[in-house]
Amino acid sequence: MNTEGSVRLDSWLWAVRRYKTRSQATTACRAGHVRVNGDTVKASTQVKLGDEVRVRIAGFDSILEVTALITKRVGAPAAALAAKDNTPPRPSKLETAAPILRDRGAGRPTKRERRALDELRGFERD
């Protein structure tokens, strides 16, 4: 593990086992699912010790702090030492709103149905 300099973001994400392949990490960076210190970045961005990396996987953000710079994929225990996970716990299913589903083939909601859905979601009308 290296403690000086910097490492490419996509190779670091792959090395700490957030993505199975480096090309998946590159694709996630291109899609805007990865942020370093609050900024959307390219895969070639250099990360340094202490940087905060936010990775969106399956609709949830993982917040990682760079604690070691590695370029080669290592075992899970060593990868855990290279990134400190500061991710808050996910909300339980009871705390999240249930998705509103419509019957297939029902078409677009009418104005009355849309207003009822908005009221159910908590949106206020003018």
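Me: Which residue just after H2 takes a positive phi, and of about how many degrees?
Reply: This is a predicted model. Helix H2 covers residues 22-30. Just after H2 comes Gly32 with a positive phi. The value for Gly32 is about 85 degrees.

Me: Which residues of H2 are buried?
Reply: Buried means under 20% relative accessible area. In H2, four names meet that mark. They are Ala25, Thr26, Ala28 and Cys29.

Me: Why do the buried residues lie on the same side of H2, and what arc do they cover?
Reply: Ala25, Thr26, Ala28 and Cys29 are the buried residues of H2. They are on the same side of H2 because they cover a narrow range around the axis. That arc is only 160 degrees.

Me: What covers the buried residues of H2?
Reply: The cover includes one helix and one strand. The helix spans 9-15 and the strand 34-36. Among what covers them are H1 and S2.

Me: Where does Arg17 lie, and what is its phi?
Reply: Arg17 lies in the loop between H1 and H2. Most residues other than glycine have a negative phi. Arg17 is not glycine, yet its phi is positive. The value is near 65 degrees.

Me: Is Arg17 buried, partly exposed or exposed?
Reply: Partly exposed covers what falls between under 20% and over 50%. Arg17 has a relative accessible area of 40%. Therefore Arg17 is partly exposed.

Me: Which residue in the loop between S2 and S3 has a positive phi?
Reply: The loop between S2 and S3 holds a residue other than glycine with a phi near 50 degrees. At 45% relative accessibility, this residue counts as partly exposed. The residue is Asn37.

Me: How many residues does the largest nonpolar core have?
Reply: In soluble globular proteins, nonpolar side chains tend to be buried together. Here, the residues with the most contacts inside the largest core include Leu9, Trp12, Tyr19 and Val34. The core has 24 residues.

Me: Which element supplies the largest share of this core?
Reply: H1, H2, S2, S5 and S6 each supply at least two residues of the core. The largest share is 4 residues. That share comes from H1.

Me: Which residues of H2 does Tyr19 touch?
Reply: Tyr19 is one of the residues with the most contacts inside the core. Tyr19 touches Leu13, Val34 and Val55, among others. H2 spans residues 22-30. From that range, Tyr19 touches Gln24, Ala25 and Ala28.

Me: What is the order of the strands in the open sheet?
Reply: The sheet has 5 strands, and the pairing is antiparallel. S3 and S7 stand at the edges, each with a single partner strand, so one side of each has no neighbour in the sheet. The order is S3-S2-S5-S6-S7.

Me: Which residue in S5 stands opposite Val34?
Reply: S2 and S5 run antiparallel, and 3 bridges join them. Val36 stands opposite Val53 in S5. Val34 stands opposite Val55.

Me: Which residue takes a positive phi in the hairpin of S5 and S6?
Reply: S5 and S6 run antiparallel, joined by 6 bridges. Their hairpin has 2 residues between the strands. The positive phi there is near 55 degrees, and the residue is Ala58.

Me: Which residue forms a salt bridge with Arg54?
Reply: Side chains of opposite charge can pair when their charged atoms come close. The closest N and O atoms of this pair are 3.9 Å apart. Arg54 is partly exposed at 30%, and its partner at 29%. The partner is Asp61.

Me: Which residues are joined into one network by salt bridges?
Reply: Arg114 and Asp118 form a salt bridge in which the closest N and O atoms are 3.9 Å apart. Elsewhere, salt bridges that share partners build a network. Its members are Glu52, Arg54, Arg56 and Asp61.

Me: How many residues apart in sequence are the parts tied together by Arg102 and Glu113?
Reply: Arg102 and Glu113 form a salt bridge, with the closest N and O atoms 3.5 Å apart. Arg102 lies in the loop between S7 and H4, and Glu113 in H4, so the pair ties together separate parts of the sequence. These parts are 11 residues apart.

How values were computed:
Residues are numbered from 1 along each chain as its sequence is written. This is a predicted model: local features need pLDDT of at least 70, side-chain atom pairs count only at pLDDT 80 or more; totals for chains, interfaces and linings use all residues. Side-chain values use heavy atoms; hydrogens and water are left out. Buried means under 20% relative accessible area, exposed over 50%, partly exposed in between (1.4 Å probe, protein chains only). The arc is that of the directions from the helix axis to the C-beta atoms. Contact means heavy atoms within 4.5 Å. A nonpolar core is a set of buried Ala, Val, Leu, Ile, Met, Phe, Trp, Tyr and Cys residues joined through side-chain atoms within 4.5 Å. Two strands pair if DSSP finds at least two bridges between them. A salt bridge is a side-chain nitrogen of Lys or Arg within 4 Å of a carboxyl oxygen of Asp or Glu. Lists of a residue's contacts leave out its neighbours within four places in sequence.
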